[in-house]
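Me: I'd like a close look at a single part of this one, and then how it ties in with whatever sits around it. Keep it relaxed, please.

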Amino acid sequence: MNRVLLKSALVATTALGLAAPAMAAEDDDDGIIIVNARRVAENQQDVSISMTVVQQEELTKRNIVSAAELGAFVPSLSSNEQFGPGKASFVIRGFTQEGKTSPSVAVYFADVVAPRSFGGTTSGNGAGIGSMFDLEQVEVLKGPQGTLFGRNTTGGAILLRPTKPKDVIEGYVQGSIGNHNMRRAELVLNAPLTDRIRVRGSLDWHERDGYVRNRSGVGPKDFNDIGYIAARFSVVVDLAENLENYTIASYSRSNTNGNVNKLAACTDANGNPPDFATLTVAAALNPLGCAQIARQQARGDGFWDVENDEAQAGQEIIQWQVINTTTWEASDNLTIKNIVSYAEYKESVTFDLFGTNYLSPGTNTLVTKTINLHGGFDRWQSQQSTFTEELQFIGEAAGGRLNWQAGAYLEVSKPLGWNSGNTEIFTTCPDNTNYLTGAGFGGCQPYQLFGFIPIGSLSSSNVKTTFNNKGIYGQAS
């Protein structure tokens, strides 16, 4: 994607000689990179963990705004984009997220694990839309991280470190434009209110048309578009010389057309043209798939051209979170930290799973949908709240030769309502949200195999799931 970047910045100190710079991710003089891979700030060279550290400058230069784009940039990190970049999850060393499971690569934002999601398709539990801006850095930890990071980190952990409020007045306004009608604007402002209170606010707005073109005339004109707004506000209060309270509130909302797969070939299981002599569903549907591919070839469709049969295709994701961290430097050898958070996640998705558009010859009317997924009677396929509480004790002894950590952890995730979804399989409905209550199943028509055998089905899944996790941990070196 081509783009142009315009940026202006404002930096000032509150008082000459009194404003000490905050600890940077990298020291320009000696190249030291400070990481939190072991839940404490330390030199990366002292940490015996396989990791990659990405500074915010690199994220900006490469226009990385989602988990999918970060996965394409970091070595040995990839992403599962089966249901679109907005629902992508991370993959490290083959550990991925499938079905109704939590990911094996955990994402932490400001030391708090990503909020739960339990929808019908893989999503959530990761770097939410609008997370990749105004960060100090991103740390990618490879391999099991179970002792200090707990939940589902057999593949690794991704640590997102938002920029902490500083005791200087600074900020920037940044705008980007590009092809596919791309527009993006970022605004960040940092200011000290008093010598004990510092605040920082940031905003990220991003719109872009999709690069996957829909040639069916049904539903949106394109897919894989971007449309989100994300906001973040943080405040640091020095309650005492050795007691700090740090609060972050964030909100993001993404509303796009989602994505759709592409029908690519017309063959049987062995790669040969289909044998229509056998009375199977595949044999009956293959001519329709071949006809779709023939239409695409006749139009001269390219790789990014698809056909879609879902008129209501779309994807909406809303997430907000509040994190509070209190740090007490009890002594030179002991730090006590409490981290508490609350988050809510909601997701509604409607899409055609396979990218089919099976039209009857001559009339060009839809014969049948294959598998189409929709929100249920409650609209949201996933709506979950997540509360976490963690108490940490960090210390050293024996003249710094012994370093130890211990703590307790609680996570309670509850449904905000029904995780509700409707699925059409070889069935076409005029109104996919109300077919279970309408007369005659709301006018839904199953596919007539060979013109006389109905094989379609309708299903509605309505689930509520509660997670309750408790743990104690300790580690020493």
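Reply: Let's start with Ile 229, which is partly exposed because its relative accessible area of 36% falls between the 20% and 50% cut-offs. Bear in mind that this is a predicted model. Ile 229 sits in strand S16, which covers residues 226-240.

What does Ile 229 join on the outside? It is part of a nonpolar surface patch of about 860 Å². The other members are Val 173, Leu 187, Leu 203, Trp 205, Tyr 251, Trp 320, Val 322, Tyr 342, Phe 387 and Leu 416. Two strands, S13 (197-208) and S19 (314-331), each give the patch at least two residues.

Now follow S16 and S19 to the largest cavity: each supplies at least two residues of its lining, and so do S7 and strand S17 (243-256). The structure has six cavities of 30 Å³ or more, and the largest holds about 210 Å³ of space. Its lining counts 21 residues, with Phe 109, Ser 131, Ser 250, Gln 319 and Gln 321 the closest to the centre.

From the cavity, S7 takes us on to a sheet. Strand S7 (residues 105-109) runs parallel to strand S10 (residues 156-162), and five bridges join the two. Along that pairing, Tyr 108 stands opposite Leu 159 in S10. Both strands belong to an open sheet of five, ordered S4-S9-S10-S7-S8, with mixed pairing. At the edges are strand S4 (51-55) and strand S8 (112-113), each pairing on one side only.

Definitions and conventions: Residues are numbered from 1 along each chain as its sequence is written. This is a predicted model: local features need pLDDT of at least 70, side-chain atom pairs count only at pLDDT 80 or more; totals for chains, interfaces and linings use all residues. Side-chain values use heavy atoms; hydrogens and water are left out. Patches are made of residues with over 30% relative accessible area and no salt bridge: like charges are joined within 9 Å, nonpolar side chains (Val, Leu, Ile, Met, Phe, Trp, Tyr) within 5 Å. Accessible areas come from the Shrake-Rupley method with a 1.4 Å probe; for residues, only the protein chains shown count as cover. A salt bridge is a side-chain nitrogen of Lys or Arg within 4 Å of a carboxyl oxygen of Asp or Glu. Helices (H or I, at least four residues) and strands (E, at least two) are DSSP runs, numbered from the N terminus. Buried means under 20% relative accessible area, exposed over 50%, partly exposed in between (1.4 Å probe, protein chains only). Two strands pair if DSSP finds at least two bridges between them. On a 1 Å grid over the protein atoms alone, a cavity is a set of points where a 1.4 Å probe fits but cannot get out, and a pocket is an open set with protein on both sides within 12 Å along at least five of seven lines; lining residues have an atom within 4 Å of a point. Grid points are joined across faces, edges and corners, and a volume is the space filled by probe spheres set on the points.
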